[in-house]
Amino acid sequence: MTTMTTRCPHCKALNRIPTERVNDIASCGACKDKLLDGKPVEGTTDNFLSLIQGDKAVVVDFWAPWCNPCVGFAPIFEDVAAEREGDIRFVKIDTEAQQALAAQYRIRSIPTVMVFKNGQVVDSINGALPKGQFNQWLNQALTSA
């Protein structure tokens, strides 16, 4: 059985999840909160492929801590993740810590937001958006997926 490791978005504890159960409702072993829904999950080279596989849409924010637009967009991304809990998975990838993923997906400017379905990119956008525009873009991206 292969597993992926993910950090709890609530208490930051590391948790192992069998890759075949990534689409199930998983709870943190430490704080018992949901691991993969309601808050953005930290994407790493170790867990990213497991997170984007499956028929549930995944929205990925490629960002960096030194990027002011990224930091300003973070609360919007978290709000939309909470509002769409259960329907869409949200993932944040720190391009400084995960340079291999940033290179693999040819991230040239940040923030870059990508929508994945069945492991494939279906749409992407560069730059921070206000919440209304982000929701509008996301609805359009999911409709075309």
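At what angle do helix α2 and helix α4 pack, and how far apart are their axes? Keep that in mind while you load the model, which is a predicted one.

**Stop 1: the whole chain**

Start zoomed out, with a cartoon view. You should be able to pick out four helices and seven strands. Colour from the N terminus and follow the elements along: they run β-β-β-α-β-α-β-α-β-β-α. If you draw a box around the C-alpha atoms along the principal axes, its sides come to roughly 35 × 30 × 25 Å. The radius of gyration is 14 Å, and a compact globule of 145 residues would be near 15 Å, so the two agree.

Now colour by accessibility. Buried residues account for 46% of the 145 in the chain. For a feel of how the chain folds back on itself, take the contacts between residues at least 6 apart in sequence: 61% of them join residues at least 24 apart.

**Stop 2: α2 against α4**

Back to the opening question. Select residues 68-83 for α2 and 131-144 for α4; the angle is about 50°, and the axes are 10 Å apart. That makes the two helices oblique to each other, because the angle is neither under 35 degrees nor in the 65 to 115 range. Rotate until one helix sits in front of the other, and you have a right-handed crossing.

Next, show side chains at the contact. On the α2 side, pick F73, I76, F77, D79, V80 and E83; their partners in α4 are K131, F134, N135 and L138. Sorted by class, this contact has six nonpolar residues, three charged ones and one polar one. Leave F73 and F77 switched on, as both turn up again among the contacts of D61.

**Stop 3: D61 and K92, two charged residues inside**

Go to strand β4, residues 58-63, and select D61. Is D61 buried or exposed? Its relative accessibility is 0%, so D61 counts as buried. Beyond its sequence neighbours within four places, D61 is in contact with F73, F77, V91, K92, I93, P111, T112 and V113. For a distance to draw, try D61 to E42: the C-alpha atoms are separated by 9.9 Å, with the two positions 19 residues apart along the chain counted as their separation.

One of those contacts of D61 is K92, so hop across to strand β5, where K92 sits. K92 has 13% relative accessibility, which puts it under the 20% cut-off and therefore among the buried residues. Outside its own stretch of sequence, K92 touches P40, V41, E42, G43, D61, W63, A74 and F77.

**Stop 4: a cis bond at P111**

P111 was also on the contact list of D61. Select it together with I110: a cis peptide bond joins the two, with omega about -5°. This is worth a look, since most peptide bonds are trans. P111 belongs to the loop between α3 (99-104) and β6 (112-117).

**Stop 5: two positive phi values**

Stay in that loop between α3 and β6 and pick R106. Its phi is near 55°, a positive value in a residue other than glycine. Most residues other than glycine have a negative phi. R106 is exposed, with a relative accessible area of 62%.

Then jump to the loop between β2 (14-18) and β3 (41-42) and select K32. Here phi is near 70°, again positive in a residue that is not glycine. K32 counts as exposed as well, at 57% relative accessibility.

**Stop 6: two loop residues with partners far along the chain**

Which residues does G86 contact, leaving aside neighbours within four places in sequence? Find G86 in the loop between α2 and β5 (89-94); the contacts are D37 and K56. G86 and D37 are 49 residues apart along the chain, yet their C-alpha atoms are separated by 6.1 Å. G86 itself is partly exposed, at 40% relative accessible area.

Finish at E96, in the loop between β5 and α3. With 41% relative accessibility, E96 is partly exposed. Not counting residues up to four places away, E96 touches A64, P65 and W66. Draw the line from E96 to W66 and you get 9.3 Å, C-alpha to C-alpha, for a pair 30 residues apart in sequence.

Technical notes
Residues numbered from 1 in each chain as written. Predicted model: local features only at pLDDT ≥ 70, side-chain atom pairs only at ≥ 80, totals over all residues. Heavy atoms only, no water. Axes fitted to C-alpha atoms, helices over the stretch in contact; angles between N-to-C directions. Parallel < 35°, antiparallel > 145°, perpendicular 65-115°, else oblique. Left-handed = near helix turned anticlockwise from the far one by under 90°. Contact = heavy atoms within 4.5 Å. Nonpolar A, V, L, I, M, F, W, Y, C, P; charged D, E, K, R; others polar. Rg over C-alpha atoms; globule rule 2.2 N^0.38 Å. Buried < 20%, exposed > 50% of the residue type's maximum accessible area, 1.4 Å probe, protein only.
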